[in-house]
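Pull up a chair and let's walk through this one together. Keep the viewer open, since we'll be hopping from place to place.

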Amino acid sequence: MSINQAIVSQVLGDVKNGQLRRCLDMGFSANDLLMMKKPEFVNVLFNTTINWCSINVNQDVLQRLLIQCAGAVKEVLLIDRMLKLDASSKMICEVFGLSQREAAFRRSILGLKKRQGRWTELTEEQENELWRYWLTLIEKYQFDVNDERDLAKSCMWLAEERSLTMAQTWQAIRKWVQDGLHQ
């Protein structure tokens with residue numbers, strides 16, 4: 001499809017849906033739009049080999065949108081990774097603002113089993129070892145304990161390194177931060 005054909009299709013769709021402002025913003029006049037109501041004019045514009053329009057890309061806006069999209073993709077991958085590490089729906093809600101229903105839906109899409117009940121609590125020995133390791137992580141990677149996403153990242157490290165669930169490690173980390181044991 002040529003650029004001419006794409007623009008004609010867009011304009012016809014916009015006019016049909018009452019989006020006249022969009023057509024005017026593209027550079028069409030009210031008279032142009034009136035003439036495009038006639039099939040013979042549309043046919044000429046659609047089938048001509050002469051480019052009567054061009055595309056102007058706003059690089060600043062495009063780059064901001066691409067960066068924003070890349071961030072959204074990273075966030076989806078992070079959420080999926082956390083769910084695979086048995087993060088609780090409550091944790092996903094606290095860190096990313098997703099509802100528990102959305103977290104459950106993502107879990108089902110990933111083919112993860114629905115878990116019922118509470119996670120087993122860490123033993124005192126496990127918690128002490130985990131705490132010491134967590135302190136080295138937050139220092140080494142400069143995690144901000146006041147940032148939920150940084151806490152979630154440190155929680156992932158702990159869960160993966162110690163073969164625990166994120167739900168278990170999250171509960172412990174939240175308690176340590178609350179008690180000021182990160183200093």
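How many aromatic pairs does a search of the whole structure find? The search turns up four. Keep in mind as you look around that this is a predicted model.

Let's start with a pair you can pick out by eye. The ring centres of tyrosine 141 and phenylalanine 143 sit 5.9 Å apart with their planes at 40 degrees, so this pair counts as tilted. Now turn to tryptophan 157. Its ring centre is 4.7 Å from that of tyrosine 141, and the two planes meet at 35 degrees, so this pair is tilted as well. This second pair links distant parts of the chain: tyrosine 141 belongs to the loop between α8 (124-140) and α9, while tryptophan 157 is in helix α9, 16 residues apart. Put together, Tyr141, Phe143 and Trp157 make one aromatic cluster.

How covered up are these three rings? Phenylalanine 143 is buried, with a relative accessible area of 14%. Tyrosine 141, at 34% relative accessibility, is partly exposed, and tryptophan 157 is partly exposed too, with a relative accessible area of 30%. The cut-offs behind those words are under 20% for buried and over 50% for exposed, with partly exposed in between.

There's another aromatic ring to look at while you're zoomed in. Arginine 162 lies over the face of tyrosine 133, at 4.2 Å from the ring centre.

Now zoom out. The chain has ten helices and zero strands, so reading along the sequence gives you the pattern α-α-α-α-α-α-α-α-α-α. The radius of gyration is 27 Å, well over the 16 Å that the globule rule gives for 183 residues, so the chain is more spread out than a compact globule. Along the principal axes, the C-alpha atoms fill a box of roughly 80 × 35 × 25 Å. Of the 183 residues, 30% count as buried. The chain exposes about 12700 Å², and carbon and sulfur atoms supply 52% of that. As for how the chain touches itself, residues 24 or more positions apart account for 54% of the contacts with a separation of 6 or more.

Next, have a look at helix α6, which covers residues 89-96. Which of its residues are buried? They are Ser89, Met91, Ile92, Val95 and Phe96. These residues cover an arc of only 160 degrees around the axis, which puts them on the same side of α6. It helps to recall that an α-helix has 3.6 residues a turn, so residues three or four places apart point the same way. What covers the buried residues of α6 includes α5 (59-84), α7 (100-109), α9 (148-162) and α10 (166-178). Just after α6 comes glycine 97, which takes a positive phi of about 75 degrees.

Helix α7 can be read in a similar way. Here Ala103, Arg106 and Arg107 are buried. They span an arc of only 105 degrees around the axis, which puts them on the same side of α7. Their cover includes α5 and α6. On the face of α7 turned away from the buried side you'll find the exposed residues Arg101 and Ile109. After α7 there is glycine 111, with a positive phi near 75 degrees.

One residue of α7 deserves a click of its own: arginine 106. Is it buried or exposed? Arginine 106 is buried, with a relative accessible area of 18%. Leaving aside neighbours within four places in sequence, arginine 106 is in contact with Val76, Ile79, Asp80, Leu83 and Leu98.

Follow one of those contacts, isoleucine 79, into helix α5. Isoleucine 79 is buried, with a relative accessible area of 2%. Beyond its neighbours within four places in sequence, isoleucine 79 is in contact with Ile92, Phe96, Leu98 and Arg106. Two of those names should ring a bell, as Ile92 and Phe96 are among the buried residues of α6. For a sense of distance, pick the C-alpha atoms of isoleucine 79 and asparagine 4: these residues are 75 apart along the chain, and the two atoms are separated by 42 Å.

Notes: Residues numbered from 1 in each chain as written. Predicted model: local features only at pLDDT ≥ 70, side-chain atom pairs only at ≥ 80, totals over all residues. Heavy atoms only, no water. Buried < 20%, exposed > 50% of the residue type's maximum accessible area, 1.4 Å probe, protein only. Helix = DSSP H or I, 4+ residues; strand = E, 2+ residues; numbered from the N terminus. Arc of directions from axis to C-beta. Contact = heavy atoms within 4.5 Å. Phe/Tyr/Trp six-rings, centres within 6.5 Å; stacked < 30°, edge-to-face > 60°. Lys NZ or Arg CZ within 6 Å of the ring centre and 35° of its normal. Rg over C-alpha atoms; globule rule 2.2 N^0.38 Å. Areas by Shrake-Rupley, 256 points an atom, 1.4 Å probe, with all protein chains shown as cover.
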